[in-house]
Amino acid sequence: MGLGVLVIFGIFAVLLFQSFSSILLRQEKNYSYNAISTASERLEVQDSELDISHVKKILSYDVAPPHEANGRNVPAPYADSTFTSLARKNLAVSVYDLSGDLVFASRNVPYHFRKSGSNKDTVVYNGHNHVFVASRPVRSKSTHSVIGYVQVTNTLKDYDRTRGQLILIFVVFGLTACFAIILLSLGLSSWLLRPIEALNEAMRKLSQGDEEKALQTVRVQPLTQHDELSELSELFNDMLDQMQSYIEQQLQFVEDVSHELRTPVAVIKGHMDLLNRWGKDDPQVLAESISASLQEIERMQSLVQEMLDLSRAGQVNLHFSNEKSDIRAVVMQVFSNFEMIHPDFHFILDNDLKKETVVKMYRNHLEQIIVILMDNAVKYSQDKKEVYVALSKTGRYAELVVQDFGTGIPENDVQKIFGRFYRVDKARSRDKGGNGLGLSIAQRLLEGYHGKITVESAEGQGSLFKISVPLEIK
């Protein structure tokens, strides 16, 4: 950009310099043409060839007597104002006879007369200044024959001096502009490269320090300007947030699995120790130990699968961000399946969607969320076996409501039910086969698709879960 400004300034300076030079040269030429015209008009009255006596008489300055001015004698102006142009300090008028010999000169002639080019104008350089030379043949008014030649040489000192001053001014302005552009470019580049420097610094800290600790603390400061570098900084921060989230998920996964597997492993080990000591010889003890161990193994298998589902739920935005599904068809399928496998329950469906309704969610994940909500409604509605399901559309979301009329959730526990392994009644939940991960999985999946889940519950009256899934906007 700075180079472009300098090029534009250079072009502008050259054009301006040429314009001023042309104006000045044209002015000096006009002075020369006036002088040569004045001299030619006076000399044309001659009938014979120009000679020194006649020319001096014709071109001599007639000076009036001095007059008083403020008590002092001062010279009077030239009596004939037409010769004023001949008196310019840098202009010389010279007259030549038919042979090309000098007859008269108002000043020293800096350029030798050439008879062959007596009707041409030219600008020459004499080693110090440019000189404008104009020459014309003089024709007698009466005989119309050439009686001599007039040449005007205008030493362009003012022209050269003004051009030099213009060049100096443009050079000074050019150097000033260069210096200003350099300072501006340095400041602007420093300002524009701040996001890159911040990114480099953040990457340096990540590579040199403790990765886990650095991911928690290192971030690029938000920028006020809204450009590509600002977007890059935001993407970098988002990437660090995701990396930190994945590391936390892995650590939480290991911690949760270790905690939850401790009990079944201890139970199985206890039975194996019992059998190893003396229980293998007692058929009843052997059968009970094997049955209990298999039950704990099945629970461990279910727990590991749910933990894997929970871990994958946090990464749906990476693998399933462009997936779509028809929420109406999925709800109808899950609803029919639950009616079939739980014939003792009364399921009610209030469906306001009369046609295909596409949402931004992978079908299997949507089905998994609905199954989790329906399964919980069945588990905790053993007294009043009734489940109400409603499907509708509001604004940019499709909404699904699953309501049961079972045990409900105490007010103090409503905000905790989405935590990992949290059970309102741990003993009863374990008897029903739950690990406390279903709602955590549902919430994590919905968050990955920019949806949400809410709950309303009253202890002893039942619970109402509502999920909102973004619609595909066409």
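This report describes a five-stranded sheet, a helix and a cavity in a predicted model.

## Basis of the model

Because the model is predicted, local features need pLDDT of at least 70 and side-chain atom pairs count only at pLDDT 80 or more, while totals for chains, interfaces and linings use all residues. Residues are numbered from 1 along each chain as its sequence is written, and side-chain values use heavy atoms, with hydrogens and water left out.

## The open sheet

Five strands form an open sheet in the order β4-β3-β7-β6-β5, with antiparallel pairing; strands (E, at least two residues) and helices (H or I, at least four) are DSSP runs numbered from the N terminus, and two strands pair if DSSP finds at least two bridges between them. The edge strands, each pairing on one side only, are β4 (102–105) and β5. On average, neighbouring strands are turned by 25 degrees against each other, direction ignored, where axes are lines fitted to C-alpha atoms, for helices over the stretch in contact, and angles run from 0 to 180 degrees between N-to-C directions. Helix α2 (residues 52–59) packs on this sheet and touches β3 and β4, contact meaning heavy atoms within 4.5 Å; the direction of α2 makes about 20 degrees with that of β4.

Within the sheet, β3 (residues 91–96) runs antiparallel to β7 and is joined to it by six bridges, with Val150 of β7 as the bridge partner of Val95. Five bridges link β5 (residues 121–125) to β6 (residues 130–139), again in the antiparallel sense, and Asp121 has Ala134 in β6 as its bridge partner. These two strands, β5 and β6, form a hairpin with four residues between them, and Gly127 in the turn has a positive phi of about 100 degrees.

## The cavity

One cavity of 30 Å³ or more is counted, a cavity being a set of points on a 1 Å grid over the protein atoms alone where a 1.4 Å probe fits but cannot get out. The largest cavity holds about 40 Å³ of space, the volume being that filled by probe spheres set on grid points, which are joined across faces, edges and corners.

Its lining residues, which have an atom within 4 Å of a point, include Glu28, Arg88, Asn154 and Tyr159. Both β7 (146–155) and α3 (157–192) give two or more residues to this lining, and α3 supplies the largest share, three residues.

## Helix α12

In helix α12 (residues 438–448), the buried residues (under 20% relative accessible area, 1.4 Å probe, protein chains only) include Leu439, Ile441, Leu445 and Gly448. After α12 comes His450, whose phi is positive, near 65 degrees.

Terms used: On a 1 Å grid over the protein atoms alone, a cavity is a set of points where a 1.4 Å probe fits but cannot get out, and a pocket is an open set with protein on both sides within 12 Å along at least five of seven lines; lining residues have an atom within 4 Å of a point. Buried means under 20% relative accessible area, exposed over 50%, partly exposed in between (1.4 Å probe, protein chains only).
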